[in-house]
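This report goes through pockets, salt bridges and a few selected residues of one protein chain. Please keep the sequence and the structure to hand while reading.

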Amino acid sequence: MSKVPLNFWEIPESEMKNRAQIFSSHLIQRRSVRDFSNRPIPEGVLEACLESAVTAPNGANLQPWHFAVIRDPSIKKAIREAAEEEEKHFYNSRAPKEWLDALTPIGTNANKPFLEIAPALVAIFQKSEITFADETVSRTYYSRESVGIATGFLISSLHHAGLATLTHTPSPMKFLNKILRRPLSEKPFLLLVVGFPAPNCQVPEIARLPTEKMVEFH
Ligand code: IYR
């Protein structure tokens, strides 16, 4: 394989810690939002954030992801109806009691009005195979890790751009293949709800563990 020089973005050492702290002080403000406004997303913002998402490191550079952006109200409605159907089963029978107990402080239930109210949903698919331009097919590698990292990039970019998100995972999510006409070789990974919070939006009062409880240095 031919190689090209790395275009490394050198930051003066005296600025590095400050930059890291500014970044974390902004990321710390991110919260999952469940009460969305129908305020439209300014043009080009979501598109630019998707440009960031697809830069994620990924297995063998096969880029094993597909992002379906849904703004059409009739498709959002179909997704809400299908998701609520699955969620009803989850909350009424499928979820073990410990799981429901863990969710009590968050206050979630089977109603998902935000799937219709928020201006955009991004359905993220994990590809098990890739078809190249010459129509040959390759399996993908580390696709779950790759898609997870790309989703993290997307969530961070959207937050940085001034938008709120919710990582929504109705289970199972097969209905997304049907509604969005994606092949079965693509597994729905996550449904990201994107928009502005509703005026006076409230979020659960949660505490994050002290960082030193989760990080160690050797
Ligand atoms: N998918 C369900 C349940 C749910 C699960 C977890 I883990 C959460 O952090 C939040 C909700 C729902 O969306 O309601």
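The sections below describe a predicted model, starting with its pockets and ending with single residues.

## The largest pocket

The largest pocket holds about 420 Å³ of space. Its lining is made up of 20 residues. Those that lie nearest the centre of this pocket are Glu-87, Tyr-91, Trp-99, Leu-103 and Thr-169. Three elements give two or more residues to the lining: helix H3 (73-94), helix H4 (97-103) and strand S5 (164-168). Helix H3 gives the most, with 4 residues.

By residue class, the lining of the largest pocket divides into 10 nonpolar, 6 polar and 4 charged residues.

## The second largest pocket

The second largest pocket has a volume of about 240 Å³. Its lining includes Phe-23, Ala-48, Cys-49, Ser-52 and Thr-55. Also in the lining of the second largest pocket are Phe-153, Ser-156, Ser-157, His-160 and Ala-161. Helix H2 (45-53) and helix H6 (143-161) each supply at least two of the lining residues, and the largest share, 5 residues, comes from H6.

Which classes of residue make up the lining of the second largest pocket? The lining residues divide into 5 nonpolar and 5 polar, with no charged residue.

## Ser-52, a residue of the second pocket

Ser-52 is found in helix H2 and is one of the residues that line the second largest pocket. With a relative accessibility of 28%, Ser-52 counts as partly exposed, because buried means under 20% and exposed means over 50%.

Not counting residues up to four places away in sequence, Ser-52 touches Phe-153 and Ser-157. Both of these residues also line the second largest pocket. Ser-52 and Ile-155 are separated by 103 residues in sequence, while their C-alpha atoms are 9.9 Å apart in space.

## Salt bridges in helix H3

The count of salt bridges in the model comes to 9. One of them joins the side chains of Arg-80 and Glu-84, at 3.0 Å from N to O. Both residues lie in helix H3, 4 residues apart, which is about one turn of the helix. Glu-84 has a relative accessible area of 14%, so it counts as buried. Arg-80 and Glu-84 also belong to a network of salt bridges that links them with Glu-116.

A further salt bridge is formed by the side chains of Lys-88 and Glu-85, with 3.8 Å from N to O. This pair also lies in helix H3, with the two residues 3 apart, about one turn of the helix. Are Lys-88 and Glu-85 buried or partly exposed? Lys-88 is partly exposed at 42% relative accessibility, and Glu-85 is partly exposed with a relative accessible area of 41%.

## Arg-182, Glu-186 and Asn-177

The side chains of Arg-182 and Glu-186 meet in a salt bridge, at 2.8 Å from N to O. The two partners fall in separate accessibility classes: Arg-182 is partly exposed, with a relative accessible area of 23%, whereas Glu-186 is buried, at 5%.

Both partners of this salt bridge are in contact with Asn-177. Asn-177 is found in helix H7 (residues 175-180) and is buried, with a relative accessible area of 5%. Leaving aside neighbours within four places in sequence, the contacts of Asn-177 also include Phe-125, Pro-183, Leu-184 and Pro-188.

## Strands S5 and S6

Strand S5, which gives two or more residues to the lining of the largest pocket, is mostly covered, with 4 of its 5 residues buried. How many bridges pair S5 with strand S6 (residues 186-195), and in which sense? The two strands pair over 5 bridges, in the antiparallel sense.

Within this pairing, His-168 has Leu-191 of S6 as its bridge partner. As a general point, the side chains of a regular strand alternate between the two faces of the sheet.

Note on methods: Residues numbered from 1 in each chain as written. Predicted model: local features only at pLDDT ≥ 70, side-chain atom pairs only at ≥ 80, totals over all residues. Heavy atoms only, no water. 1 Å grid on protein atoms, 1.4 Å probe; cavity = no way out; pocket = protein on both sides within 12 Å on 5 of 7 lines; lining within 4 Å. Points joined across faces, edges and corners; volume = space filled by probe spheres on them. Nonpolar A, V, L, I, M, F, W, Y, C, P; charged D, E, K, R; others polar. Salt bridge = Lys/Arg side-chain N within 4 Å of Asp/Glu carboxyl O. Buried < 20%, exposed > 50% of the residue type's maximum accessible area, 1.4 Å probe, protein only. Contact = heavy atoms within 4.5 Å. Pairing = 2+ DSSP bridges.
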